[in-house]
Structures are given as structure tokens and as C-alpha cells.
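Biologist: I have not worked with this structure before. Could you show me how to read it?

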Amino acid sequence: MRKPIVILGAGIAGLSMSYFLAQRGIPSIVLEKNPYYGGLARSFRWNDFWCDFAAHRFYAHDQEVLDCVRSLTPMIEHYRRSRIFFKQRWLRDPIDIIELFSHLSMHERWHIVQDYLRRDKTLPDHSFEQYVAKRYGHALYDIFFRCYTERLFSLSGQDIAVEWAIWKVRLSSPLDRLKNSTRTKFRRFYYPISGGYGAIVNGLYQKIQDQVILNAQVTSFIRDQNGQVQGITYRHYNQEYELYAQHIISTLPLTVIAQLLGEEIKINYQKVDAVYLLLNKPLMSNNHWLYFMDSSSTINRLVEFKNMSNYQTPPHTTVVCAEVTIEAPNIIERVVNDLVQSRLIQPHEVIDTHVIREPFAYPRYSRGYINEVQRFQQVLQHYPNIHILGRSAQFTHYEVDDLLDQAYQMAQQITTTQPITIQSTNKEPPVWIVILTLNNYHDTEECLRSLQSLDYPSYNIILVDNGSSDNTPDLVRKQFPNVKVIENHYNLGVAAGYNVGIHYALDNGAEYIFILNNDTTVDPLIITHLVQAAREPNAGILMPIVYYYHNPQQVWSAGARYRAFPPAIVMERKIYNTYHDLQFAISCGFLITRHALEKAGLFDESFRFLWDDLDFSQRVRRAGLRILQVPQAKMWHKVSQTTNPASEQFWRTHGESSVIFFRRHRQSFPLPQIFYLGYFALREFIFKRRLKSLPSFLQGIRSGQTKQLVDVPLPKDRMSYP
């Protein structure tokens with residue numbers, strides 16, 4: 001009899017995993033220690049209202065994930081309404097610097113400006129405090145950021161990991177509201193019409209309820225004589241049971257699964273008290289969320305359920321829920337006092353109260369937690385049939401749509417004939433090399449020959465052909481049968497062409513992706529050096545030293561930077577002795593971490609060629625990740641074998657791409673666009689006597705000003721491969 005797949009925990013991650021397995025005809029058993037399912041996503045009925053545990057919303061970039069959730073329960077689409085309570089005033093969210101200044105004293109404004117101008121830009125990004133102080137100054141950190149974040153985690157800003165700042169810090173300019181919303185500033189979200197947020201988990205549960213066992217406490221793992229895990233024991237109504245499993249998928253807190261394996265992991269979780277107030281008034285505010293930033297506040301965030309869905313709610317009362325993370329006596333009294341002080345309610349309007357505590361509500365992102373998590377992930381590699389899924393299990397700030405997508409992907413892997421491999425079976429993480437080609441097969445062949453000498457133990461090669469007319473795809477299939485060839489059949493451009501290969505690599509488990517032009521050759525140790533550098537904190541892009549192919553000792557590029565005067569993008573040619581932070585990487589060849597693609601997106605397909613790598617670099621750095629020069633890694637480039645710098649298409653594209661870049665990044669480069677284009681035209685068309693190409697360049701500028709910018713693709717955007 002085939003052993004089942006056992007899922008530990010019946011929260012939204014565990015239920016969705018069982019649901020996706022059931023869709024593929026794979027049986028599973030879900031064990032939940034509590035008498036209820038849903039975890040933090042559950043809802044309950046109280047005073048004729050559907051109440052969630054604290055604040056929830058659903059948002060998905062992925063249409064398939066959105067359609068899946070909509071099939072479980074009818075949803076309302078909302079446009080976000082939220083406010084921030086700061087210094088006894090209500091401000092917009094996300095807050096902008098102009099509005100913030102208008103509510104500060106003259107002394108505070110001067111102090112912030114002065115401190116911003118004198119801020120230490122060399123501060124390392126080792127903590128939340130350093131990240132904010134480096135970008136905005138210590139004064140703004142102390143006045144605005146410190147209190148809320150330290151209260152949220154019960155940690156000092158120096159002890160909070162920098163990752164939290166990367167995910168959450170959002171201080172916008174006045175013009176920022178005109179830009180497309182980002183994941184941290186989502187404008188739209190969805191919420192069930194009836195049943196609260198828990199209607200989503202109810203929909204999942206109804207599909208697989210026969211496979212869920214409540215009141216089932218896992219007590220230990222069953223091991224064979226080699227120490228491998230074969231199953232679990234659990235207690236159900238004071239009776240012990242053994243359950244042998246093909247795979248074990250844990251959504252339990254990482255500390256719990258570590259304890260079951262006899263390991264210790266030095267991470268912690270943050271408790272949350274959800275404080276519910278029934279108010280004798282039709283509505284308290286018209287906002288979905290309210291945030292409380294002042295140091296005197298007890299509340300972190302507050303939700304009013306009537307604003308999420310007013311379907312069949314009592315007309316004369318409303319329920320609010322406050323999230324509280326601090327330890328404090330008289331917590332209900334303090335929450336009521338916060339709302340009175342913020343002029344939202346009067347004490348006599350509170351007619352009932354309720355409190356629910358969750359001890360494992362949020363991962364507590366203290367400094368060094370990543371090292372502990374990575375160390376334990378190495379331990380898990382010794383147990384190939386144990387897999388972790390979910391925010392608490394992975395100790396990562398995943399949203400619900402992320403969890404659903406991960407469950408879907410994991411279910412797909414389990415249903416293949418091969419054993420599931422969440423981690424690479426090699427000691428080194430898998431690298432996928434994506435080569436972009438357009439004709440010039442002899443260059444491609446030489447490039448592939450050089451890759452055959454790589455000493456790295458775990459790599460795959462994808463060749464993406466952008467419509468070659470010299471039979472390149474068939475020749476590669478014949479000469480290099482281990483290379484995956486994807487034919488686009490026409491020229492998509494550099495950015496879109498690379499994205500085809502990147503999507504394929506990500507879908508096949510790539511931890512790192514090395515993009516490479518076909519007119520290059522590489523040193524056998526290049527991947528080894530780049531992957532080693534990728535282990536540096538917050539590494540996003542790893543840039544090798546690129547030498548001229550025809551002059552192998554001369555550096556062509558070691559990165560790039562923007563020069564303010566005279567304005568230009570100039571190549572870095574200095575080679576440093578150790579890893580060195582760069583402003584831009586050049587896409588003839590560099591390594592990208594999966595994390596960078598998840599945070600910053602893929603290449604912007606508004607660019608046909610030129611400036612696409614600068615745009616990608618800018619977004620990676622904006623996501624708080626680093627671009628590192630790796631001096632030990634070497635490659636050689638034939639330079640512009642596919643793109644002819646003398647062609648009119650080159651100058652049109654140069655003009656169009658430069659304008660698109662500055663349009664995309666006006667906040668970082670508000671004025672240099674004018675200076676750059678003027679200086680560039682003067683240098684190239686007057687001093688270098690290329691005046692006949694000026695009309696093409698100007699045509700490109702006009703095109704760049706009017707071209708509709710497309711959304712940057714995300715790793716989860718679905719693609720079909722030729």
C-alpha cells in the first residue's frame with residue numbers, strides 16, 4: 001500500500017497543499033493540534049460579526065492564484081484606504097516627506113534636513129537602524145521609524161535585521177503617488193464577501209475535510225536504523241498513533257520542527273494579542289487599516305471589519321480589532337485609551353471586548369536570523385523527504401498568494417516520478433546559464449565550448465534564440481545535446497529574450513542564473529567564484545571582470561557608474577582586491593540570485609536593447625540588494641558582435657532606451673536626463689562627427705517619450721516555452 005503524504009498543520013499553507021495534491025489525485029493526511037483549522041487565517045463569529053485574527057487582505061500578481069481563490073469564495077475588490085496616526089495627527093499612508101514635514105516643529109524639520117545632509121552613506125546595512133539612517137538620517141529614524149518598529153518586534157533598531165527594512169520601509173516623495181503601485185504600496189486588494197477572511201480556508205477545507213485530523217499533536221519522528229525519517233507519531237484524544245509517510249510537509253514553526261529533529265535553532269517568534277472591541281456606533285472610520293506610530297501607543301495596527309465587508313452586518317454597531325505585540329497589563333484599557341486619544345471613539349461606546357493571543361504570529365527578525373535559518377536548511381538536506389512550507393516554517397515574510405503558489409509548485413514536484421527535490425542534491429546550489437543568441441553561430445559554438453570546461457558541479461545551460469537565420473538552434477542541438485534550446489522564432493529584443501530563459505530556469509529550481517551573451521568566453525572557475533560571492537549578505541548581482549576578447553589582458557568592464565559631470569554612464573575599469581559594491585552591472589555576463597529576481601522582478605521589456613541592464617541594476621539596488629564586483633571571476637567579450645553601433649537602429653534604440661530609463665527612475669535621476677542627453681548628443685554627433693545619425697537619435701527620444709511602459713515581469717508570471 002502506498003504511504004501517504006503527511007502535512008503538519010492545517011493553516012492556509014497546509015490546507016492549500018492538501019488541496020493541490022487532491023487536485024492531482026494524490027492522497028494526503030493533514031494533522032492539526034488545535035480543535036480548529038485555518039491558523040492565523042481563520043475567522044470566527046462574534047456579536048453577529050465575522051472577525052478575523054487581526055488584519056488580513058488578499059492580493060495576487062498571479063492571475064492563476066487569484067482565480068483559484070475566487071473559485072473558493074466570492075470576493076470584493078477594494079481600493080486601499082489607510083491612515084497613520086503620528087504626533088496626534090492623521091496622515092496619509094504611504095506617507096510622503098512633504099506631509100510629514102508639515103506636522104513637525106521647525107526645530108525637528110531643521111534637525112531632519114541637517115542630519116540628512118550629514119548622514120553617513122558608508123554605514124553598512126547590518127540592521128534596520130543602519131539601513132534607515134544611511135538613507136534618511138538618524139533624526140528621521142528617531143522621530144518616525146524607531147518607535148513603531150521597535151514596538152512591533154520588542155527589539156531595538158540595532159537588533160532588528162536589515163531585511164525588515166528592505167521589505168517594509170516606505171517613505172515616498174509627493175510624486176510617488178503618481179507612479180504604478182508596488183507590492184509594498186498595493187492599491188487594490190480582495191476580501192471575501194461573507195465569512196470573513198476565513199472564507200478562503202473554509203473553501204479549502206470543504207474540498208479536503210476528510211483528510212484533516214484535528215486535535216492531533218505531533219510528538220516525534222519515526223526513524224530507521226540509518227536515522228532517516230520514515231513517519232511520525234501523534235497524539236489524538238490521549239491515544240498515540242504511528243503514521244508512516246512518503247513525504248512529510250511541515251508548516252509548523254521552524255523551532256518546533258527543529259526540536260522534533262533533535263536540533264536547536266536560535267530564532268524567535270513574536271506573539272500578537274488581537275484585541276476586539278464592539279462599539280455602539282455604525283462605523284468608527286472609513287479606513288481599512290489604521291497605523292499608530294507614536295511611542296505612547298499600544299496598538300500597532302487596527303482593522304475595522306465592516307469596511308472589509310458590510311454584507312449582513314448589524315447597522316448600529318461595528319467591531320474593530322487592534323494588533324498588540326508589547327507585553328502590558330490592562331491591555332484592553334490601553335487599547336481603548338489609544339482610540340480615545342486619537343479621537344476615534346468615546347469610552348462609553350465600548351460595549352463588549354475580547355482578546356485572542358497567538359504566540360507564533362510573526363517571525364521575529366533579529367540580526368543573525370538568516371544564518372540560523374540557513375544552517376538549519378543544511379540540516380534538512382539530510383532528510384530528503386521532509387519539506388517546509390509557510391511563513392512560520394520558512395521564517396520568511398510571505399504573503400498568502402506566495403504561499404498558495406509555493407504549495408502549487410510543491411504539489412507539482414511531488415506528483416512527478418522523481419522524488420521531490422526542494423534543495424539541490426549537490427553540495428553547491430544549482431546554477432542555470434542563459435545564453436541569448438541571434439545568428440553568428442561560430443561565436444555561440446565557441447562560447448558553449450568554453451562552458452564545457454566549467455569546474456562547477458551543478459549547472460544547466462539554456463540557449464534562447466531570438467530568430468536566427470543561420471540555423472543556430474539546429475546546429476546547437478546537434479553539437480551540444482545537453483543544452484536546452486528555446487526558439488523565439490523572431491527577435492524579441494535583449495530584455496524579453498533573457499526573460500524567456502530566466503522564467504524557464506526559475507521554474508526548474510534555479511538558485512542562481514548566469515546570463516551571458518553568445519559572443520563571450522569564460523574562465524573555468526567563473527561560476528565557482530560568483531556563487532561564492534553570492535553568499536555575501538544581501539548579494540543580488542555578481543559581476544565578473546570582463547576583458548576584451550582580442551586583447552585578453554585589457555579590462556573592458558568591471559561594472560559601470562553614473563558620472564554627474566560631465567553626465568555619462570562610464571565603465572568601471574578598476575579591479576579591487578576584494579568584493580566591491582557597484583552601481584551598475586553590464587549584462588554581457590553576470591550572475592543573478594533568485595532572491596534578487598523575486599524582489600526586483602525580471603528585465604524590463606520596454607527596452608529592446610541598451611540600458612536594460614542599468615534599469616535592472618537600479619531596481620535591484622532599490623530593493624536593498626547589492627551589486628558586487630568579483631575580481632576573481634573572469635570572462636572575455638568580443639563587444640557588439642550582434643549590435644552594430646554604426647546602424648541607424650542602434651541610435652534610435654539608444655535614444656529611446658535612455659529616455660525610458662530616466663522616465664522609470666525620475667526619483668533617482670530627476671534632472672540628469674536633460675544634461676545627459678544634451679552632453680551625449682554634443683559628444684557623439686558634434687565632437688565625434690556623427691551628425692548624420694542625429695535624426696535617428698532624436699527619433700528614438702521622441703519614441704521613448706511616448707512609448708507606453710509595460711509592467712516589469714515577476715518570477716511567478718506564467719509563460720509557455722516553445
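Biologist: Over which residues up to 722 does pLDDT stay under 50, and how many contacts beyond four places in sequence does the model have for them?

Modeller: This is a predicted model, and pLDDT is the predictor's confidence in each residue. The score stays under 50 over residues 718–722, for which the model has 15 contacts beyond four places in sequence. Residues 172–185 also stay under 50, with 26 such contacts. Where pLDDT is low, the predicted coordinates should not be read in detail.

Biologist: What does the protein average in pLDDT?

Modeller: The average is 86, and 91% of the residues score at least 70. Among the secondary structure elements, helix α22 (residues 672–687) has the lowest confidence, with a mean of 68. Strand β17 (residues 318–324) has the highest, at 97.

Biologist: How many helices and strands does the protein have?

Modeller: There are 23 helices and 31 strands. The radius of gyration is 28 Å, close to the 27 Å from the globule rule for 722 residues, so the protein is as compact as a globular protein of that length. Along the principal axes, the C-alpha atoms fill a box of roughly 80 × 75 × 45 Å.

Biologist: What percentage of the residues is buried?

Modeller: Buried means under 20% relative accessible area. Of the 722 residues, 57% are buried. The accessible surface comes to about 31800 Å², and carbon and sulfur atoms hold 49% of that area.

Biologist: Which share of contacts joins residues at least 24 apart?

Modeller: Counting contacts between residues at least 6 apart in sequence, the share is 73%.

Conventions. Residues numbered from 1 in each chain as written. Predicted model: local features only at pLDDT ≥ 70, side-chain atom pairs only at ≥ 80, totals over all residues. Heavy atoms only, no water. Helix = DSSP H or I, 4+ residues; strand = E, 2+ residues; numbered from the N terminus. Rg over C-alpha atoms; globule rule 2.2 N^0.38 Å. Buried < 20%, exposed > 50% of the residue type's maximum accessible area, 1.4 Å probe, protein only. Contact = heavy atoms within 4.5 Å. Areas by Shrake-Rupley, 256 points an atom, 1.4 Å probe, with all protein chains shown as cover. pLDDT = per-residue confidence, 0-100.
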